[in-house]
Amino acid sequence: MVIDLTSTSSQSMTRGKVSTQRTEGAETTAAPVKAAGSKDTFELSKTAQALKNADATIANSPDVDAQRVADIKAAIADGSYSIDYTSVADSLLNFESQLNNL
């Protein structure tokens with residue numbers, strides 16, 4: 001059986017059912033009426049503000065540190081680039097433990 005959710009009659013039925021479900025057994029109160037011309041206001045939480053600032057910082061920073069890439073390429077080319085495997089392993093384990101604590 002196919003239900004057409006785009007038709008007007010099915011939308012009105014759905015809306016009616018939802019509003020009926022929300023109001024059944026619940027006490028409803030009238031919201032205060034706002035004065036004409038008044039505006040809604042909102043305030044971001046400190047977390048949301050921090051995320052907004054971090055997003056702006058990321059948006060303004062380059063995707064790649066070209067100088068660092070050039071330095072690593074040069075070190076690989078002349079054979080002086082070395083990897084500290086213990087540090088890499090410790091960092092991976094630390095990251096995994098942080099994920100497990102979320």
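Visitor: In what order do the elements of the protein chain run from the N terminus on?
Guide: In this predicted model, the protein chain has four helices and zero strands. Read from the N terminus on, its elements therefore follow one another, by the DSSP runs used here, in the order α-α-α-α.

Visitor: What is the mean pLDDT of the protein chain?
Guide: The predictor's confidence is not even along the chain, for 66% of the residues reach a pLDDT of 70 or more, while over residues 14–23 the pLDDT is below 50. That stretch, beyond near neighbours in sequence, has one contact in the model. Taken over the protein chain, the mean pLDDT is 78.

Visitor: What share of the residues of the protein chain counts as buried?
Guide: The accessible surface of the protein chain comes to about 9,900 Å², and 57% of that surface belongs to carbon and sulfur atoms. A residue counts as buried when its relative accessible area is under 20%, and of the 102 residues of the chain the share that does so is 2%.

Visitor: How many of the 15 residues of α2 are buried?
Guide: Helix α2, which covers residues 46–60, reaches 21 Å from its first C-alpha to its last, close to the 21 Å expected at 1.5 Å a residue. This helix lies largely in the open, because the number of its residues that are buried is zero.

Visitor: How far apart are the end C-alpha atoms of helix α3?
Guide: Helix α3 holds 13 residues, 66–78, and at 1.5 Å a residue they should span 18 Å. The model agrees with this expectation, since the end C-alpha atoms are apart by 18 Å.

Visitor: Which residue follows α3?
Guide: Helix α3 itself is hardly covered, with a count of one buried residue among its 13. Just after the helix comes a residue whose phi is positive, near 85 degrees, and this residue is Gly79.

Visitor: Is Ile76 buried or exposed?
Guide: Ile76 lies in helix α3 and belongs to a nonpolar patch on the surface, together with Tyr81, Ile83, Tyr85, Val88 and Leu92. Its relative accessible area is 54%, and because the cut-off for this class is over 50%, Ile76 is exposed.

Visitor: Which helix gives the largest share of the nonpolar patch?
Guide: The residues of the patch have about 660 Å² of accessible area together. Three of them come from one helix, residues 85–100, and this largest share belongs to α4.

Terms used: Residues numbered from 1 in each chain as written. Predicted model: local features only at pLDDT ≥ 70, side-chain atom pairs only at ≥ 80, totals over all residues. Heavy atoms only, no water. pLDDT = per-residue confidence, 0-100. Contact = heavy atoms within 4.5 Å. Helix = DSSP H or I, 4+ residues; strand = E, 2+ residues; numbered from the N terminus. Expected span 1.5 Å × (residues − 1). Buried < 20%, exposed > 50% of the residue type's maximum accessible area, 1.4 Å probe, protein only. Patch = residues over 30% accessible without salt bridge, like charges linked within 9 Å, V, L, I, M, F, W, Y side chains within 5 Å. Areas by Shrake-Rupley, 256 points an atom, 1.4 Å probe, with all protein chains shown as cover. Salt bridge = Lys/Arg side-chain N within 4 Å of Asp/Glu carboxyl O.
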